[in-house]
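Me: Please take one part of this model and look at it closely with me, explaining each term as it comes up.

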Amino acid sequence: MKNCQIYPIGASNKLQTLTLSTDGATGQGASIIEGFRTEDEYKAYEKVLVLDLDTMVKEIGISNISLVKIDVEGGELEVLQGMLGIISEDRPFIICEMLPVYDKKTEVGKMRYIRQNEMGKIVKNNQYKLLRISPKGELYEINEIGVHSDLKLCNYLLVPIEFMREFSE
C-alpha cells in the first residue's frame, strides 16, 4: 500500500487513556465503551491511548481525507464526534460497522439505542445520508438503523448528500 501509515493509537473524541475490555483470548469484541457488553463477556482489561481524529490528522499533516473505515465495537459515536472537522472540511465517505441494539428493554440495549440515535443526529446534522450495506454488497438508503438483531445488517455507508446522486443512477 502506498501512502499508508499505521499509528498505534485508538480513535475517540478526545485525548485520553481508557480501559479496553476484551475476552482475553482473541480480543474479538474488545471495547472501550463501558457497558457495551455485559461484564461476564470480558476476561481481560488493558489501558489504551485514544485521540480524536481531527487532532491526529492535523498533527500528522494529513489532508483531503476521502474515506474513513470505522469498526470500533461500540465506540462509533466517539469516533464521529472526534472527526467533525474532517466531516465538515473533507466530506469523506464513511464505512461503519454498528452492532445491533437487539432489545432496547435491556440495560445494554437502552444504552446502545441512545448512542445509535446520537450517531443518527450527527449524520443528519452534517448533511449525510445513511445507507445499509447488505451481505451481497447492495446499498439501501435508510432513515434510521432501528432495533434489530441481525448481525448481517451491521455495515453502513455514510454518504455526503452532495454525492447521493451517484447512488441513485
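Reply:

**Strand β4 and its surroundings**

In this predicted model, Lys 69 stands opposite Ile 95 in β5. Residues are numbered from 1 along each chain as its sequence is written, and side-chain values rest on heavy atoms, with hydrogens and water left out. Because the model is predicted, local features need pLDDT of at least 70 and side-chain atom pairs count only at pLDDT 80 or more, while totals for chains, interfaces and linings use all residues.

Lys 69 belongs to β4 (67-70), a strand (a DSSP run of E, at least two residues, just as a helix is a run of H or I, at least four, all numbered from the N terminus). β4 and β5 (residues 93-97) run parallel and are joined by 4 bridges, where pairing calls for at least two DSSP bridges. The two faces of β4 can be told apart, since Val 68 and Ile 70 make up its covered face, whereas Leu 67 and Lys 69 make up the uncovered one.

Leu 67 leads us to the largest pocket, because it is among the residues nearest the pocket's centre, together with Gln 5, Leu 53, Met 56 and Ile 62, out of 24 lining residues. Here a pocket is an open set of points on a 1 Å grid over the protein atoms alone, with protein on both sides within 12 Å along at least five of seven lines, while a cavity is a set where a 1.4 Å probe fits but cannot get out, and lining residues have an atom within 4 Å of a point. β4 is one of three elements that each supply at least two residues of this lining, the others being β1 (10-12) and α1 (53-60). The space in the pocket comes to about 730 Å³, a volume being the space filled by probe spheres set on grid points joined across faces, edges and corners.

If we go back to β5 and look at what precedes it, we find Arg 91 in the loop between α3 (84-90) and β5. At 18% relative accessibility, Arg 91 counts as buried (under 20% relative accessible area, against over 50% for exposed and partly exposed in between, with a 1.4 Å probe and protein chains only). Phi of Arg 91 is near 55°, which is positive although the residue is not a glycine. Most residues other than glycine have a negative phi.

Beyond β4 in the sequence comes Gly 74, whose backbone oxygen lies 2.7 Å from a polar atom of the side chain of Arg 115. Arg 115 sits in helix α4 and counts as buried, because its relative accessibility is 13%. Apart from neighbours within four places in sequence, Arg 115 is in contact (heavy atoms within 4.5 Å) with Ile 33, Gly 74, Gly 75, Leu 77 and Glu 78.

Gly 74 and Arg 115 also line the largest cavity, where Phe 36, Met 98, Leu 99 and Ile 145 are among the other lining residues. This cavity holds about 90 Å³ of space, and α4 gives the largest share of its lining, with 4 residues. The second largest cavity, at about 40 Å³, is lined by residues including Leu 80, Ile 94 and Val 123. Helix α4 matters for another opening as well, for it gives the most to the lining of the second largest pocket, with 7 residues.

After α4, in the loop that leads to β6, comes Gln 127. Gln 127, like Arg 91, has a positive phi, here of about 60°, but Gln 127 is partly exposed, because its relative accessible area is 42%.

How values were computed:
Polar contact = N/O pair within 3.5 Å; in protein donor to acceptor, adjacent residues only side chain to side chain.
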